[in-house]
Amino acid sequence: MTHTIQGLPVARGVAIGRAVLASSSRVEVPHYFIQPGQVPAELARMGAARDAVKAELQRLQADMPKDTPPELAAMLDVHLMLLHDEVLGAEIRRWVKERLYNAEWAITTQLEIVSRQFDEMEDPYLRERKADLEQVVERVLRHLKGAPAPVAPPAPGRGAPGQDDTPLVLVAHDLSPADMLLFKKSVFAGFVTDLGGKTSHTAIVARSMDIPAVVGARTASHVVRQDDWVIIDGDAGVVIVDPDPPLLQTYRARQRQAAQERGRLAKLKNTPCVTQDGQRIELLANIEQPADADAALAVGAVGVGLFRTEFLFMGRQHKLPDEEEQYAAYRAAVEGMHGLPVTIRTIDVGADKPLDERHAAAHLNPALGLRAIRWSLAEPEMFLTQLRAILRAAAHGRVNLLVPMLAHAREIRQTLALLAQARAQLDARAQAYGPVQVGAMIEVPAAALCVRMFLRHFDFLSIGTNDLTQYTLAIDRADEAVAHLYDPLHPAVLQLLAHTLAEGLAQHKPVSVCGEMAGDTAMTRLLLGLGLRHFSMHPSQILAVKQEILQADTRRLAPWAQTVLQSDDPAALLASA
Ligand code: PEP
Ligand code: MG
C-alpha cells in the first residue's frame, strides 16, 4: 500500500528506485560497494571474523568458572549456534555476492531483516533472542573493524549485478558526512535519512552529488524495507513508498521535465554572468575533494570559493593526513582548476563533522565547543602542518586561505601568527611556497557585528550563512526536531548579512557568501539586491543561479532588498515579489 513520509527537501529532483537500507547498527559500520573481483576476499574476511568470534566464545566457555549460572552457559551456546546458522550465513553472503555490499553492510542489513522478524514473534522467549543475535553481530563487527578492508574501493558505475539496471535509492537512519563521501561516486539515484536538517553536512554532501535527497524523514528507515519501490521527491521533501501506478506515471513525467530543464540550463555554461544592468557576478564552486574541481569546471565556475578540507581528515581512525598527503590534495585541487583561484578553508571539524567516533562522543555541546579554528588553535602542530601544505600548494596556482569560525581578536592574532610561523618554517627548510590572500569566514554573530575588525586584518571575507543562521537563532542546523525554526530569512540573520556586505563594500574588500543560501535560486535576487557579487555554491546549483542572475537588474533589486530587510516577514515579501 502506498505510504507517504514527509521530510525536508535538500537536493532537488525526483528519484525512483528500489530501496537499499543502510543499517543503523549500534556499532558504526562502513558502507561501500566492493568490486565483483573482490567478492571472494570479502567473503574470506567475513569468514575469518566469524572464526575469530567462534574461538573467542569457545575460550569464554572453557574459562567459565564452575559456579557460572546455567543461563550464561546456555547463552554462549545460543551465540555459537547463531554464528553457524546456515540460513543466516547464506543470506549474508548473498548481499555480498549479488549486491556487492562490503561485509559489515551485508551483516547489518541481514540483522535488520531478521530483527524485524523477531519483533513480530508472539513468543516472548523467541522475541528476546534478538538481543543474542545483536550481540553476536557486534562481536563479528568488532573483529571486522580490526581487520579493515583496504581503503574503500570505488563503487561500480551501474546497478549491482544480478539486478538489471533498476536504480537504487539509499535509505538510512543517519549517515555521517564521511559515509556520504564514500557514496559520492556510487550507484544511488537518491538518498533518504531519518535524521538531519537542511544544512547538515550530510545534506550538503548529498546536494553536491546532485541527486534528489530528503533528510529528517524520521520514520523512513523503519517504514521502508529492502527492495521496496520508493519515490524521492527532493523538491517537496516527500518520500513515497510502494507508489501506485498512476502516481508512478506522474513522477516519471516530472523526471523527464527535469531532464529537459537541465539540458536547457547546460547551454548557459559559457554565457558571461552579467546582470541586465551590466553588473558582473562571480560564480564560484564549493568542493569537498580535489576531484570535485572537474564538476566545478564543467558548469563554468570561475574558481573554487570554498574547499572544505575537513573531508580529507574524516573517518581516518586517528591517522590524520600528513603534510605531504595534504599538499598533494591541495595541489591537485589547484592544478585541477587550471589557473582559476582556489579558496582553501582550514579544517572545520567538530559539531556534525566529527573526526571520528571518539571525537563525536567527547563533547557536551559540539556546535558550541571545540570546533573549526578553535580546534586548530588547540592543536597548533596539526594546524601548522595544514598551513604549510596550503602555502606549498600556492606555488602551483592562485590560492586563497580561508579561516572558519573566528570570533575573537585574540584568535585572529594567533591565526596570523601561526601563518607567519608556517612561512618561517618553510623558509628554514628552503621549501618553495606561494603567496596567498587570507580571508575569514563570517559565521558567528559576534564576527558579523565586529566586521570592521575583520576587515582590518583580512584580504577578503566569506559569509557562512549556514552557521550564521544556526548561531544567530540558536538552532542546531543538524537537528530535524527544530528544523522548522531554522530560517536564513529571519530578519536578524539578514541584518547581519547586509551589515557584513555593506562594510565590505565600503572597505573595497571582496565579500562572498558560501553557505547554502548562495545556491538557492529563491534567494538570488535578494542577495544581489543586498550587494552580493561573489556567490559560492555546489557546482550543481551554479547554472540555475546564473539563470536568475542573467534576468536580474540590481538597480531595481537594491531598493526592494531594503524593504525586505525592514520587514518582519521577509519570506512573505520574497514569495510575493
Ligand atoms: C557555513 O557555515 O555557511 C559554511 C559554508 O560552512 P559549513 O557549512 O562547512 O559549516
Ligand atoms: Mg560553517
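Helix H18 supplies three residues to the shell around ligand 1, the largest share from any element. The model here is a predicted one, and in it H18 runs over residues 465–473. Two other elements also give two or more residues to this shell, namely helix H7 (201–208) and strand S10 (304–308). In terms of character, the shell leans on charge: eight of its residues are charged, while five are polar and four are nonpolar.

Zooming in, 17 residues surround ligand 1, and those that come nearest are Arg308, Arg345, Gly464, Asn466 and Arg477. Some of the contacts can be pinned down atom by atom. With Arg477, a polar side-chain atom sits 2.7 Å from an oxygen atom of the ligand. Arg371 also uses its side chain, where an N or O atom is 3.3 Å from a ligand oxygen. Gly464 takes part through its backbone instead, with an N or O atom 3.4 Å from an oxygen atom of ligand 1. As for how much of the ligand is covered, ligand 1 on its own would expose 290 Å², and the protein buries 100% of that. The space that ligand 1 takes up is the largest cavity.

Moving on from the ligand, a few loop residues are worth a look. Leu312 belongs to the loop that links S10 to helix H11 (323–336). Its relative accessibility is 18%, and since buried means under 20%, Leu312 counts as buried. Phe383 lies 71 residues from Leu312 along the chain, and the C-alpha atoms of the two are 14 Å apart.

Backbone angles bring up two more loop residues. Most residues other than glycine have a negative phi. Asp242 goes the other way, with a positive phi of about 55° even though it is not a glycine. This residue is in the loop between strand S8 (238–241) and helix H9 (245–266). Asp242 counts as partly exposed because its relative accessibility is 36%, a value between the 20% and 50% cut-offs.

Ala372 is the other case: it is not a glycine either, yet its phi is positive, at about 50°. The loop holding Ala372 connects helix H12 (357–362) with helix H13 (373–378). Here the relative accessibility is 0%, so Ala372 counts as buried. Side by side, then, the two residues with positive phi part ways in their surroundings: Asp242 is partly exposed, whereas Ala372 is buried.

Terms used: Residues numbered from 1 in each chain as written. Chains lettered and ligands numbered in written order. Predicted model: local features only at pLDDT ≥ 70, side-chain atom pairs only at ≥ 80, totals over all residues. Heavy atoms only, no water. Near = heavy atom within 4 Å. Polar contact = N/O pair within 3.5 Å; in protein donor to acceptor, adjacent residues only side chain to side chain. Areas by Shrake-Rupley, 256 points an atom, 1.4 Å probe, with all protein chains shown as cover. 1 Å grid on protein atoms, 1.4 Å probe; cavity = no way out; pocket = protein on both sides within 12 Å on 5 of 7 lines; lining within 4 Å. Sits in = over half its atoms within 2 Å of the grid points. Helix = DSSP H or I, 4+ residues; strand = E, 2+ residues; numbered from the N terminus. Nonpolar A, V, L, I, M, F, W, Y, C, P; charged D, E, K, R; others polar. Buried < 20%, exposed > 50% of the residue type's maximum accessible area, 1.4 Å probe, protein only.
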